Amino acid sequence: MLDFYLRSYIEDLRWTLGEFDAGVLQRIITALERARSDGRQVLLIGNGGSAATASHMACDMGKGTADLKDPAFARLRVVSLADNNALMTAIGNDISFDDVFVEQLKIVMRDGDVVIAISASGNSPNLVKGVEYAKSRGAETIGLLGFGGGRLARMVDHPLVVSSRNYGISEDIHLVVMHIFTQYLRRVFAGPARPVAFVDRDGVINRRPAPHTYVQGWEQFTFLDHARPLLRGLRAGGYDIVVITNQQGVGKGLLSLATLAGIHSEMTRSLAADGIPIAGVFACPHLEQDGCFCRKPRPGLIHRAVNELNFMIDLPRSVLIGDSDSDIEAGKAVGLRTLRIQDPDAAPTGGALDVAQILAALA
Ligand SMILES: [Mg+2]
Ligand SMILES: [Zn+2]
């Protein structure tokens, strides 16, 4: 019973996630960027689970998009109006629960602020009243809505509507969307996008101990002669370096995840000591038959890097460098420029790599 219920929930969630409109998401992000640059406030309203989403969003959009170490960093002014129990119960008791948001908006909202209404049903009377008032004061209004949208979908400027009529799925997706736009904004606010060189490991940075074998410990790891000049040249060309590597040896039980992590921290330390910083190392430990999202030629390791690096990647200026078809396919799958090099150990002539020629091809 649980198995089927679980599968139904996840299948529905997966499908519904795929439905949301990237155009609306872009307009929401643009509205929030403008609010920050103009110093306008973002005010959040919602009931029940959506009140919790409003609190969560105020936390992530306010603190999570800021550089806390920089006192001059312009913060996004964001406040949840679902958090003050004293005020909400006072308004509810003296006037009506339908007025808990409109009365708070009268206290804190300034003309032209941004108001985000979060509601699974899209019909909550206190949100409808709040949005009506906000619009009368020239606010830009956003709705994170479910159940096909309800009344609020027709009222707000930017409705992001989940089709599902299940509260759990609607609220799950609101959280996902909220994390997408807060994490995207954090990168936008952090500075200009940077080009990345996604570099394969075995055959590009280091030798394999023998063909079709795995490096199973740091003592077996030897850098190829061209590795340092190539990586140093990429850094000099303005690229952040991210290593993406299939390590099926883990899935086969030949080395543990901890050993693999140890190899990568030694590799990173050794290169950093030579003035070559590595921004990240992402490895797929799975077997081919696992059908995971990350084993090249699938591009999952690139997606993981995009999500885990804390800066905006300039994709058109980025490049993938590898020595096998699966590397190149993974890069092409996400529209990256790709550069195939020959593993010198596998080259029929055993010729050395012309690093200057590679770097010239990228410039
Ligand atoms: Mg390789
Ligand atoms: Zn994988």
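## Two metal sites, a β-α-β unit and a helix

Gly 322 has Arg 340 of strand E10 as its bridge partner. This is a predicted model, so treat what follows as a tour of computed geometry.

**Around E9 and E10.** Strand E9 (residues 319-322) and strand E10 (residues 337-340) run parallel and are joined by four bridges. Put helix H13 (residues 325-333) together with E9 and E10, and you have a right-handed β-α-β unit.

**The metals.** There are two sites to look at, set out here by ion.

| Ion | Protein donors | Donor distances | Spacing in sequence |
|---|---|---|---|
| magnesium ion (ligand 1) | Asp 200 (OD), Asp 202 (O), Asp 323 (OD) | 2.0 to 2.2 Å | D-x1-D-x120-D |
| zinc ion (ligand 2) | Cys 284 (SG), His 286 (ND1), Cys 292 (SG), Cys 294 (SG) | 2.1 to 2.3 Å | C-x1-H-x5-C-x1-C |

On the magnesium side, Asp 200 and Asp 202 are both buried. What is the arrangement of the four donor atoms around the zinc ion (ligand 2)? They subtend angles of 101 to 119 degrees, so the arrangement is tetrahedral; the cut-off asks for all angles between 85 and 135 degrees. For reference, the ideal angle for four tetrahedral donors is 109.5 degrees.

Is Cys 294 buried or exposed? Its relative accessibility is 3%, so Cys 294 counts as buried, the limit being under 20%. His 286 is partly exposed, with a relative accessible area of 29%.

**Arg 298.** Look for Arg 298 in the loop between strand E8 (280-284) and helix H12 (300-308). Its relative accessible area is 36%, so Arg 298 is partly exposed. Setting aside neighbours within four places in sequence, Arg 298 is in contact with Glu 288, Gly 291, Cys 292, Phe 293 and Ala 330. One of these, Cys 292, is also a donor of the zinc ion (ligand 2). Arg 298 and Asp 327 are 29 residues apart in sequence, and their C-alpha atoms are 8.8 Å apart in space.

**Helix H6.** Why does the length of helix H6 (residues 125-136) agree with what it should span? At 1.5 Å a residue its twelve residues should span 16 Å, and the end C-alpha atoms are 17 Å apart, which agrees. The buried residues in H6 are Asn 126, Leu 127, Val 128, Gly 130, Val 131, Tyr 133 and Ala 134. What covers them includes strands E1 (41-46), E3 (114-119) and E4 (140-145), along with helices H5 (100-108) and H7 (150-155). After H6 comes Gly 138, with a positive phi near 75 degrees.

Technical notes. Residues numbered from 1 in each chain as written. Chains lettered and ligands numbered in written order. Predicted model: local features only at pLDDT ≥ 70, side-chain atom pairs only at ≥ 80, totals over all residues. Heavy atoms only, no water. Helix = DSSP H or I, 4+ residues; strand = E, 2+ residues; numbered from the N terminus. Expected span 1.5 Å × (residues − 1). Buried < 20%, exposed > 50% of the residue type's maximum accessible area, 1.4 Å probe, protein only. Contact = heavy atoms within 4.5 Å. Donors = N, O, S within 2.8 Å, 3.2 Å for Na, K, Ca; no water. Tetrahedral: all angles 85-135°; square planar, octahedral: opposite > 155°, others 65-115°. Pairing = 2+ DSSP bridges. Right-handed = clockwise from strand over helix to strand, strands pointing away.
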